[in-house]
Structures are given as C-alpha cells and as structure tokens.
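This report examines the metal sites, a ligand pocket and two further residues of the entry displayed below.

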Amino acid sequence: MNLLQFRSLAEKIFADVRELTFDGVGVTRASYGEGEAAAADYLRQLALSEGLEVYADRAANLIFRRPTSEPDAPVIWVGSHMDSVPQGGNYDGLAGVTAGLLCLIARQREGRTDALPLEVVGFRGEESAWFGKAYVGSSALFGKLSDADLALPQRVSGAPLSEYMEKAGADMDAVRAQEVLVNKDRIKAYLEVHIEQGPVMVARSLPLAVVSGIRGNFRHNHVVCVGDAQHSGVVPRWLRHDSMFAVADLIMRLDEHWRVLLERGTDLVVTAGVVNTDPAEHSISRIPGRVNFSIEARSKSTDTLEAFYQLMRAECTAISRERGVRFEFDRRVLSDPATMDEDVCKVLSGACAAQGIPFEVIPSGAGHDASLFANAGIPSGMLFVRNQNGSHNPREAMEIEDFMLGVQVLSDSLDELPQTKALVAG
Ligand code: GLV
Ligand code: MN
Ligand code: MN
C-alpha cells in the first residue's frame, strides 16, 4: 500500500489544526480543555467525511475505526495524544494520531480486509503541564487514576481534574472505581508514531528511529522552601534564612550528583522547570522567605529514580539544617519506565530496512502513552520521526517528507504484524 500519496492530506491536517489552536506564539491544546477539544472535533469531522466511525471511550478519548470493524474482534491500536503543552509545537502528539488516521483512511478507501483490523486512538490529557500528571487519558483507560490524581488542580483555574474529565464526557463513576475501561485482550499490539523531540536524529541524519524503551520519572509539582523574609541590607550572612540561596544550593548539589552518576553510566536527567518567588511580595531589597519550585528526574531505571529521590530528600534535610530553612513537598507523582516489545521492534526495523530508510534503535527521553500499553502487557512499539528545534516549544518543526516515511513504515508494519510470533501466540 502506497501511503506517500497522502502527503497533501497530511499537510492539510497539520495546517488546519495549527490554525485552530494557534495562540499567537505556538499552539495551545489544554488537556480536557478548549484546544484539545478543537483538535478532537476537527479529527472527528475528518474521519466521518471519510466514512469512518468515531466514538468516545469512557475516558473521553476518541476511537476511530472502519464501519466494518467488529466491536469484540482482535485489533491493532495505533495512537497518540491530541493535547499540547502551553505555547507548544504542532507535531507533539498530533503527528501520531494523524499517522494512524492516514493508515485507516487508506484502508477504508481501498476497501481492504485486514487480518487484524486497525483502530486509531486520540488520547486526551497526555501532557503533565496542565494537571501535573502525565498520561491521564490512557491511565484512565487502564483504571490507574487514584482519587489524589483526580483531585489535581488545573494550572490556571485550580479546578480539579475530575471536573474537567466529567465535562469532556468521561464516565467518572467508572474512572473513580478504577475500572479497566478497555478489553485489553483484544488489543494485540499498540503502535505509536511520535516526533523525536530531541537533537539526536538530526545530528545523525536519521529520518526515522525505532524506540527501545521510554524513561519513567518522579515529580513534585509544588515544593516550597520556607526561610525568613527580611530586609536585605541588615541581616548578615550567618543570620540569614534565605530560601532562594537554599533552592540554588539544592539545585547545584543535585547537578553535581547527576554529573557523578552520568560518569558511572547511569541513565538520568534532572529538571527544575518552575522556580519562582511570589511577585506580590518579592522585591530587590527583601531576602526571599518563600521560593516555589518543581523537581523532576527521569530514567530508564526505577532503581535509579528511587535512589536519586532519596538523595534529593537527604540533601534537603542537610540544607534545612545548614541554612535554617524547611522544604514542604506536595505528593510525589510517579510514571513507570517501559520497554518496547522486541518482536514489534523487529517488525518496525524490518519495515524501515525494506524501504531503504536509514534508522537506528534509540531510547525515548520523553514520556508517551505507549508506556501504559507496554506495562499492561500489550506488545508495543514506537517509531520516531526526525524533527527540528526540539519540542515543548513553539519552534518545534518537522519535514513532511520524514513524516510520510514514518506513515509508510507504520502502514507496512501493520501489514506485517499479524504474522509475528508474539501476536500469534497472544
Ligand atoms: C511528555 O511530553 C513528556 O513530558 O515527556
Ligand atoms: Mn509533549
Ligand atoms: Mn507527546
């Protein structure tokens, strides 16, 4: 099946959804909010105009399928997310849903019968930027949202996640009861196409890459370092309780631990993405009495995450003692690392090789809904498409030629997967 002919449709989808969700700087598709809904409505209309069926699952994710699909028959799922970070790029998430939809449209137009039919899923709420928790839509599907998760406040309104999910049409009784909202047994494989979001593929001139695994993470969305707000001119160094110097000290200590761990070959990245004093009270002449910050670490290894977490807390205790401050932590939020299925990776690699496309097998630093599927025991695989200028920023870019190669390899892999050992055995 030649998917390259869908290039102009792909370009149209990206241009239309960008226009619908442009915020003046980048695109904003808030999880369970306006931009995500606009993208979802657009994709729904497009699918319906192609004669496809679209329905919302009980977590309000969108499922696209052919009308000939039987509801309980075994299927392959292809998906990604419809939301974005604030002022983000157009391709993070949307590229994957579009890739799946193009494969589905091609099969529908050709009227072909597949050994394992394709269903495409557009997830809501993948980006942690909005509620401080990643993978909300796919977590709900697998019954993995706790009451504490559902109470997480939206970054602007402060209203709880549960309220937003309910408004989007999710069945909150089922979500609260942690029901598994999908028949896992019928999903024989899960595939996700995604832009790389990092600089490696550009540096190595690779249009595509097969993903070996996905880093997990721990996060605290809100930590407060409490010191003593005082006149900046009168308190000598030895009597100060400066929460800003304390937070800076913490970050520098973590950087040094990180450097040493990297030298030992440990997989780890560490970020304090939010650091602020309160503009209502801060001033050039005031020793900061409160600093708010977030902390996140990611690794392929759960053990590394736990060890680094304990190290971080131990440094907070030491700094508290040395500087006379205290750290107040909100709930720790965890995402598990995941390994992609070896047989599915082989199929994706084989499809790249058959097309003569240079590729490598690389790990994913970013998080993806695929990790939920892999950790639920569903054979899962991901294909990265090269992209420019990184991601989670409005400069994120992607060449349409690279994307179409990804769509072709996805389609070829969908044809090949029903023959693979893992799926036949499953
Ligand atoms: C997902 O976008 C992530 O933060 O890894
Ligand atoms: Mn993202
Ligand atoms: Mn993404």
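In this predicted model, Asp-92 forms a bridge between the manganese ion (ligand 2) and the manganese ion (ligand 3), and the two ions lie 3.5 Å apart. The pair formed by Asp-92 and His-392 links distant parts of the chain, with their positions 300 residues apart. Asp-92 belongs to the loop between E3 and H3, whereas His-392 belongs to the loop between strand E17 (380–385) and helix H14 (400–416). Asp-92 counts as buried, because its relative accessibility of 4% falls under 20%. His-392, at 43% relative accessibility, counts as partly exposed.

The manganese ion (ligand 2) is coordinated by Asp-92 (OD), Glu-127 (OE) and His-392 (NE2), at 2.0 to 2.2 Å. Along the chain, the donors of this ion follow the spacing D-x34-E-x264-H.

For the manganese ion (ligand 3), the protein donors are His-81 (NE2), Asp-92 (OD) and His-194 (NE2), which lie 2.0 to 2.2 Å from the ion. The spacing of these donor residues in sequence is H-x10-D-x101-H. Here too the chain is brought together from distant parts: Asp-92 lies in the loop between strand E3 (75–81) and helix H3 (94–110), and His-194 lies in strand E5 (residues 187–195), 102 residues apart. His-194 is buried, with a relative accessibility of 1%.

Ligand 1 is considered next. The residues around ligand 1 are Glu-126, Glu-127, Arg-219, Arg-298, Ala-366, Gly-367 and His-392. By class, this shell has 1 nonpolar, 2 polar and 4 charged residues. Glu-127 and His-392, both donors to the manganese ion (ligand 2), also appear among the side chains whose polar atoms approach oxygen atoms of ligand 1. The distances are listed below.

| Side chain | Distance from its polar atom to an oxygen atom of ligand 1 |
|---|---|
| Glu-127 | 3.0 Å |
| Arg-298 | 2.6 Å |
| His-392 | 3.0 Å |

The protein covers 95% of the 200 Å² of accessible area that ligand 1 has on its own.

Which residue makes a polar side-chain contact with Arg-331? The partner is Asp-149, whose side chain makes a polar contact of 2.7 Å with the side chain of Arg-331. Arg-331 is located in the loop between strand E13 (326–329) and strand E14 (333–335). With a relative accessible area of 34%, Arg-331 is partly exposed. Apart from its neighbours within four places in sequence, Arg-331 is in contact with Ser-146, Ala-148, Asp-149, Leu-152, Arg-219 and His-220. One of these, Arg-219, is also among the residues around ligand 1. By contrast, a separation of 50 Å lies between the C-alpha atoms of Arg-331 and Arg-112, two residues that are 219 residues apart along the chain.

The final residue considered is Ser-139. Ser-139 is placed in helix H5 (residues 136–141). Is Ser-139 buried or exposed? Ser-139 is buried, with a relative accessible area of 4%. A polar atom of the Ser-139 side chain lies 2.6 Å from the backbone oxygen of Tyr-135. When residues up to four places away in sequence are not counted, Ser-139 touches Lys-133, Ala-134, Lys-144, Leu-145 and Leu-372.

Definitions and conventions. Residues are numbered from 1 along each chain as its sequence is written. Chains are lettered from A and ligands numbered from 1 in the order in which they are written. This is a predicted model: local features need pLDDT of at least 70, side-chain atom pairs count only at pLDDT 80 or more; totals for chains, interfaces and linings use all residues. Side-chain values use heavy atoms; hydrogens and water are left out. Donors are N, O and S atoms within 2.8 Å of the metal (3.2 Å for Na, K and Ca); water is not among the atoms, so sites may look incomplete. Helices (H or I, at least four residues) and strands (E, at least two) are DSSP runs, numbered from the N terminus. Buried means under 20% relative accessible area, exposed over 50%, partly exposed in between (1.4 Å probe, protein chains only). Contact means heavy atoms within 4.5 Å. A polar contact is a pair of N or O atoms within 3.5 Å; within protein, one must be able to donate a hydrogen and the other to accept it, and residues adjacent in sequence count only if both atoms are side-chain atoms. A residue is near a molecule or strand if one of its heavy atoms lies within 4 Å of it. Accessible areas come from the Shrake-Rupley method with a 1.4 Å probe; for residues, only the protein chains shown count as cover. Ala, Val, Leu, Ile, Met, Phe, Trp, Tyr, Cys and Pro count as nonpolar, Asp, Glu, Lys and Arg as charged, and the others, Gly among them, as polar.
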